[in-house]
Amino acid sequence: MTEAEPLAVYIHWPFCRSKCPYCDFNSHVRERVDAARWTRALLADLDHHAALVPGRAVGSVFFGGGTPSLMPPETVAALLDRVCSRWAAVPDLEVTLEANPNSAEAARFHAFAAAGINRLSLGVQALDPAALRMLGRAHDRGEAIAAIEHARNAFPRFSFDLIYARPGQTLAAWRHELDEALTVAGEHLSLYQLTIEPGTAFATQYRRGQLSIPAEEDAAALFEMTQDRLSAHGLPAYEISNHARPGAECRHNLAYWRYQDYVGIGPGAHGRLTIGAAKHATRQTRLPERWLAAVEAVGSGIEEMVAIDRDSAVEEMLMMGLRLTEGVARARLERLAHRDTKTLFGGNLGPLLEGGFLTLDNEHIAATAAGRQRLNAVLAALLG
């Protein structure tokens, strides 16, 4: 929230080989991508943002998508060089790339490491062959296991994602899959419950009665077992869906959840930037072709940049920070709100504390495990 904190830089590559049925991210399938043209545009977008927030240090860079492992490694190297020439990189700069675990992309892992990637995030999503087919993933189980080993050998840090609470998934089946994942995991795992997002193929199937997901109480049991299993293996949750050994948390994502400044580069990317005394929200044009044309015409694809009013900023800080096990630092919250925490929430706070959904001490306001499991309702009660 202050200019003394390092920036996080997010770079979006919007292209995928195919669209997964659960995915609502800004991802697009194109027959051909002009990599050189896209490299030039992303570099120009970086230059534009560097002019908005000059003189800052950068603590992390995250290549997301889409499927950024489809980028040429040379593009990654050029973008990282530009980041480090426009801002000062911290000595232990974290640089993450999202990748699919198919054999063709895994073959390029060492090239990405040479380009400057030091943390890989693999979209495994399942270790069960039938689940991989249901989720529309292009890789098979063997490729996933092999890619995890490639990542272990190529990068100092790696993580992989799994989706659970899938149709028909039982506690016993998920426990078996999770225990297998733990045998090949490094120091970080991201475990997401399947949600039906509007506009996805799964949303259409769900509306037609062709797809069902576990009932709320079954999903809660899966969540609780996941937390217990990971904690027992030394990977406690530091955020609702993210688990790590202490010190191995994803620093880039922590910047989001701690409501620090981050730059959003590329189509559809969002940012939060402190300019002067105000925090600003930036939003880029979503459609890749329109974004590219805008950057080539005027040097930027930013569609909207607005100052965030104080009440909205407080709400955003809480929405992000209460996802974390550590919660929201009271000093940051009170500095932003210009009010003491107890005064800020008035009579809404007491029942949530007494009900075991929130905790409050001199340092933090935090959601308990029960509160994080039903965070939307907790936020509605707190802010209502």
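Two strands count as paired if DSSP finds at least two bridges between them. Strands (E, at least two residues) and helices (H or I, at least four) are DSSP runs, numbered from the N terminus. This is a predicted model, where local features need pLDDT of at least 70, side-chain atom pairs count only at pLDDT 80 or more, and totals for chains, interfaces and linings use all residues. Residues are numbered from 1 along each chain as its sequence is written, and side-chain values use heavy atoms, leaving out hydrogens and water.

**View A. An open sheet of 3 strands, in the order 15-17-16 with antiparallel pairing.** Strand 15 (328–329) and strand 16 (358–360) form the edges, each pairing on one side only. Strand 16 meets strand 17 (residues 364–367) in the antiparallel sense over 3 bridges. Look for threonine 359, whose bridge partner in strand 17 is alanine 366.

**View B. The contacts of phenylalanine 63.** Contact means heavy atoms within 4.5 Å. Not counting residues up to four places away in sequence, phenylalanine 63 touches several residues, including Ile11, Met71, Leu80 and Ile117.

**View C. The two sides of helix 11 (residues 288–298).** Here buried means under 20% relative accessible area, exposed over 50%, and partly exposed in between (1.4 Å probe, protein chains only). Pro288, Trp291, Leu292 and Val295 are buried. These residues share one side of helix 11 because they cover an arc of only 100° around the axis, taken from the directions from the helix axis to the C-beta atoms. On the other side, Arg290, Ala297 and Val298 are exposed. The cover over the buried residues includes helix 1 and strand 13 (278–284). Glycine 299 follows helix 11, with a positive phi near 85°.
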